[in-house]
Amino acid sequence: MYNNSANEMLMGGGVPSMKFDAVGTSVTGTIAVEPKVEQQRDYTSGELLTWEDGSPRQQIRLVLDTDLRDPADPYDEGQRALYVKSGLMKAVRTAIRASGAKGLEVGGKLTVTYTGDGEPTKRGMHPPKLYSAAYQGPSPANANAVLNGLSPAGQAAYEAAPQAPAPAAPAAPVDERAAALSQLTQAQIDALGYTPAQLAALGVTPAQQSPF
């Protein structure tokens, strides 16, 4: 997984942010890199934000592989950064609990929809955005596909590919089989379904039954 600064810069840097400009805007994507907790910044000044007690305001930064493309950007591969905080944090938390997952993981599929606006908490402030979310935890194959750099379509093909059959156990050499059959009586060999011709080809002479 991408758990060092070099890979975070390579795989997560320069990713455009997902914008929820209008009610009804929705995004569905597969988590492409490890979710990262970071401190929020002021949109205008870029300064780090803190609460009244001085503790940092935290958020979760996700990078999603999506089907979205910017027609003006020929290098757009569909990745979008999603910053989970405030009302979105509550929606994502509810979705994770509903799915039965333990948390957000690489390969997990997340859908977020901007559903409307709430009441402003303070006079003059913009109303908070309201969201709904759905989450599906990753299968091992899907997680590996993301880490190997496959697209969402490639992930589906990867997961649907048939498993390679387990190698068959090697057949016992003819001389070993003949030796084993030679220890059996004719009745035991007959029960195994061997024909006289097969026994002759193997050079097998059944063991004699004991008179006792």
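Contact here means heavy atoms within 4.5 Å. The model is predicted.

**Y135 and the cores**

By that cut-off, Y135 touches I31, A95, I96, S99, A101, G103, L104, E105, G108, K109 and L110, leaving aside residues up to four places away in sequence. Y135 also belongs to the largest nonpolar core, which holds 18 residues. Within this core, Y135 is one of the residues that touch the most other members, along with F20, L62, L82, V84, L104 and V112. Five elements give two or more residues each: β1, β3, β4, α2 and β5. The most comes from α2, with four residues. There is also a second, separate core of six residues. Its members include A178, L181, I189 and L199. In soluble globular proteins, nonpolar side chains tend to be buried together.

**The largest pocket**

The largest pocket has about 1500 Å³ of space. Its lining counts 36 residues, and Q40, Y43, Q59, K85 and S86 are the closest to the centre. Elements that give two or more residues to the lining are β2 (36–39), β3, β4, α2 and β6 (129–136). Here α2 supplies the largest share, five residues.

The lining of this pocket splits by class as follows.

| Class | Residues in the lining |
|---|---|
| Nonpolar | 15 residues |
| Polar | 10 residues |
| Charged | 11 residues |

**Shared elements**

Which element gives the most to the largest core? It is α2, with four residues. The element α2 also gives the largest share of the pocket lining. Strands β3 and β4 each give two or more residues to the core, and two or more to the lining of the pocket.

Key
Residues numbered from 1 in each chain as written. Predicted model: local features only at pLDDT ≥ 70, side-chain atom pairs only at ≥ 80, totals over all residues. Heavy atoms only, no water. Core = buried A, V, L, I, M, F, W, Y, C linked by side-chain atoms within 4.5 Å. Buried < 20%, exposed > 50% of the residue type's maximum accessible area, 1.4 Å probe, protein only. 1 Å grid on protein atoms, 1.4 Å probe; cavity = no way out; pocket = protein on both sides within 12 Å on 5 of 7 lines; lining within 4 Å. Points joined across faces, edges and corners; volume = space filled by probe spheres on them. Nonpolar A, V, L, I, M, F, W, Y, C, P; charged D, E, K, R; others polar.
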